[in-house]
Amino acid sequence: MKLMTSRYILGALMSMSAACAQADGPGPASPMPQLPELSGRIIIAGDSTAADYPLERAPQIGWGQVLDYYLPDDVEVLNLAVNGRSTKSYIDEGRWDALMDEVGAGDIVLISFGHNDSRDDAPERYAAPEGAYRENLIRFAAEVQGAGGEPVILSSAARRLWEGPAMVETHGLYRQNAFNAAIEAGVDYIDLAQLSLNYFETLGRVATKDDFLWLTAEEVAERLPAYVERYPDGIEDNTHFTETGACGVARIIAERLGNEFGLYGDTAISDEPADEAGRPADVLACAAVAWE
């Protein structure tokens, strides 16, 4: 079942209320909420799964770095996601205040944390899911709205954890409280955890190694020579993305932005498979130009 975002949940509730009122007597019908007037800018707050990377870190790349591939040419993306940050550390380091200095009327602000908020072994990052994590997300949404922006809360992208033929959703209470925060704040929500899990699951257990940062020792030596001593046996990273993984996740987000805000880019999004794993052609085309 497709999860409705809060704007359409609100619209449905308004329509239901109007219908109930009309059952008791005549009255005007409540219209569905209208699309907001946008500035043409998207700002991203998040962690390493969304962050920008320099070419020397290739193939590791965040979904925020390739999101513009799927957006209209006149939409600017300001990616302020930073490696290793949680809602707590993003605030404590002054990064949220710096982001708010950038927010203007009609800016869309994508807010996606959770990977590092769950680090209870790192007190500088840890934010309890039903406590500080949810409260921080609600605060973020309220401040963006106060500046005239359009906040969108996203659950964290899926990790590559398989049990037999199925992937496992690993974000648990953080996913649930991202949703809860969006509902409490009355803002849009993208369930990136489940949507990206669904996408990767269609590709299969072996094929998704190409979407996440899995490199042999030889590939590390060739592509990331500065990391040979750290990864003498290669890298098996089930959290961070390569170009194909980042483009697949960016595609999911862009589809929802199109549905919610009418931000449809020129890139044709099609589910027709283009490789043996079933990746769409637009994902492979995005990956091919990710570093340009």
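**A tour from a proline loop to a helix pair**

Begin by selecting P59, which in this predicted model sits in the loop between β1 (41-46) and α2 (63-66). Add A58 to the selection and look along the backbone that joins the two residues, where the peptide bond from A58 to P59 is cis, with omega near 15 degrees. For background, most peptide bonds are trans.

Next, show the whole chain as a cartoon, in which 10 helices and 9 strands can be traced. If you then colour by burial, buried residues make up 49% of the 292 residues in the chain. Switching to a surface view brings up the roughly 13600 Å² that the chain exposes, of which carbon and sulfur atoms supply 51%. Among the contacts in the chain with a separation of 6 or more, 75% are accounted for by residues 24 or more positions apart.

Now select residues 192-203, helix α7, together with residues 243-261, helix α9, whose axes come within 10 Å and cross at roughly 125 degrees. Why are the two helices described as oblique to each other? Roughly perpendicular ends at 115 degrees and roughly antiparallel starts over 145, so α7 and α9, at roughly 125 degrees, count as oblique.

Seen as a pair, α7 passes α9 in a right-handed crossing. To view the contact itself, display the side chains of L192, L195, S196, Y199 and F200 on α7, and then add G245, G248, V249, I252, I253 and R256 on α9. Coloured by residue type, the residues of this contact between α7 and α9 divide into 7 nonpolar, 3 polar and 1 charged.

Key: Residues are numbered from 1 along each chain as its sequence is written. This is a predicted model: local features need pLDDT of at least 70, side-chain atom pairs count only at pLDDT 80 or more; totals for chains, interfaces and linings use all residues. Side-chain values use heavy atoms; hydrogens and water are left out. Axes are lines fitted to C-alpha atoms, for helices over the stretch in contact, and angles run from 0 to 180 degrees between N-to-C directions. Helices (H or I, at least four residues) and strands (E, at least two) are DSSP runs, numbered from the N terminus. Angles under 35 degrees count as roughly parallel, over 145 as roughly antiparallel, 65 to 115 as roughly perpendicular and the rest as oblique. A crossing is left-handed if the near helix is turned anticlockwise from the far one by less than a right angle, and right-handed if clockwise. Contact means heavy atoms within 4.5 Å. Ala, Val, Leu, Ile, Met, Phe, Trp, Tyr, Cys and Pro count as nonpolar, Asp, Glu, Lys and Arg as charged, and the others, Gly among them, as polar. Buried means under 20% relative accessible area, exposed over 50%, partly exposed in between (1.4 Å probe, protein chains only). Accessible areas come from the Shrake-Rupley method with a 1.4 Å probe; for residues, only the protein chains shown count as cover.
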